[in-house]
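Here are a few exercises to work through with the model open beside you. Try each task before reading its solution.

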Amino acid sequence: SEGTFYLRGPADPTFIGGSRLRARFVDFYSNQEVRLISRDGISSTIKVSSYETMYQKVKSEKGLKIETSSGPKAFNGMLDGLMNWARAEGLLRGQRARGKERLTLKMRNHVSHASIYHILSPGDAVLGIRDMAEFINQLWGTPTPGGRIYPAPARREILTIGWDSSGARVGAGHANFSELDDPTWSWILLRGDFHDPDLTHFDARYNTTRFPSEYIWGPGSKLEAASWISLNQPEPDTVELVDRLFVIHHQESRLFLPQEPAVAAGLSPDERRGKWYLVRADASNDAFYCIRSRLDVDPGHANGCFCPVEILAKGSWRHVERRLLELTPKLRPWLPPDVKVKSSWMPRFVEVATISPT
């Protein structure tokens, strides 16, 4: 009927995604040989000239693993095996996207073997097509600008945040001061997203904004800020929105907000006491809520969880730092001034109710 699309079985994006994964698998190896490892640990190679040849091989011998750049991975030739392979080779990215991929796998049989039509609105159908376009773009190494699943790096502008002497009034915007700006206010400069809903909670040492932000200068007067900009000419940059690294400090009953690795690396030895976590996540809140739930012994985290995060290391700062330097060998400590927006009510730590044994 008018205003509705009817989709059935293979017309669903999960089926299309499977065909694109097979095509990407063949394109990735380009007639080269791939190493397979049997259950007994015996290695063999097969030339990837077509996916049918590869599928017949893994179908005839159960329990095979495929050698990837991340090590051997279980591979059954089906959609789940292809998804895991694509992740292992770095073709798919993002922690929240990983959860969507798991959901896709669970829905696959229901969709592929459905005996009824799926009735979707035009908006739902367009959204499904958009998501599939992002998936295909990412498989071939092209993240989508403005994407909601596999977004491209975002541009950060030079912004300013100012507040009055009492901290009751606050303003934020692009760093182009005018005669209308109050000369008695204090101002800071940062790189960030002008549309960030949490911009006025900015903290130079902790991740309190929705999107990645970075301290540049301040606080100081309007005249000092304008003079610094004129002299130094700071430029906008781009920053990744997914698979970001955060470090989280847990000392006694306090769990601190996530910090950028370079900031934590610049802390004094006294500030590094306690336990640390190195977490990969798309957003700082994802990392913080997962660690907090684990420490509070949340029932949903008793036997693992489905949070969109990866805990890469935990323990003393020295232990976490070793892992951090393996992942980012060019990391340089950088501790900005202890500056935050005066009117922000965002705390830097919370009290953990129950200390988890893990």
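**Exercise 1. Aromatic pairs**

How many aromatic pairs does the structure hold?

Solution. The model is a predicted one, and the structure holds 15 aromatic pairs. Let us take one of them, F28 with Y29. A pair of aromatic rings is described by the distance of the centres and the angle of the planes. For F28 and Y29 the centres are 5.0 Å apart, and the planes make an angle of 85 degrees. Pairing asks for centres within 6.5 Å, and planes over 60 degrees apart count as edge-to-face, so the F28 and Y29 pair is edge-to-face.

Next, place the two residues. F28 counts as partly exposed because its relative accessibility is 29%, whereas Y29 counts as buried because its value is 7%. Finally, widen the view: F28 and Y29 belong to one aromatic cluster, together with F25, Y51, F75 and W85.

**Exercise 2. A pair of strands**

Work out how β4 and β5 are arranged and connected.

Solution. Start with the ranges: β4 covers residues 65-68 and β5 covers residues 71-74. The two strands run antiparallel and are joined by four bridges. One of the residues to look at is K65, whose bridge partner in β5 is A74. Now follow the chain from β4 to β5: a hairpin of two residues makes the connection.

**Exercise 3. Cysteines without a partner**

Find out how many disulfides a search of the whole structure gives, then check C290 and C305.

Solution. The search finds zero disulfides. For C290, the nearest cysteine sulfur is that of C307, 3.7 Å away. The cut-off is 2.5 Å, so C290 is in no disulfide. C290 counts as buried because its relative accessibility is 0%.

Repeat the check for C305. Its nearest cysteine sulfur is again that of C307, here 3.6 Å away, and C305 is in no disulfide either. C305 has a relative accessible area of 24%, so it is partly exposed.

**Exercise 4. A helix and what follows**

Compare the span of α5 with the expected one, then list its buried residues.

Solution. Helix α5 takes in residues 122-139, which makes 18 residues. From first C-alpha to last it reaches 26 Å, close to the 26 Å expected at 1.5 Å a residue. The buried residues in α5 are A125, G128, D131, M132, E134, F135, Q138 and L139. To finish, step just past the helix: G141 takes a positive phi of about 80 degrees there.

Terms used. Residues numbered from 1 in each chain as written. Predicted model: local features only at pLDDT ≥ 70, side-chain atom pairs only at ≥ 80, totals over all residues. Heavy atoms only, no water. Phe/Tyr/Trp six-rings, centres within 6.5 Å; stacked < 30°, edge-to-face > 60°. Buried < 20%, exposed > 50% of the residue type's maximum accessible area, 1.4 Å probe, protein only. Pairing = 2+ DSSP bridges. Expected span 1.5 Å × (residues − 1).
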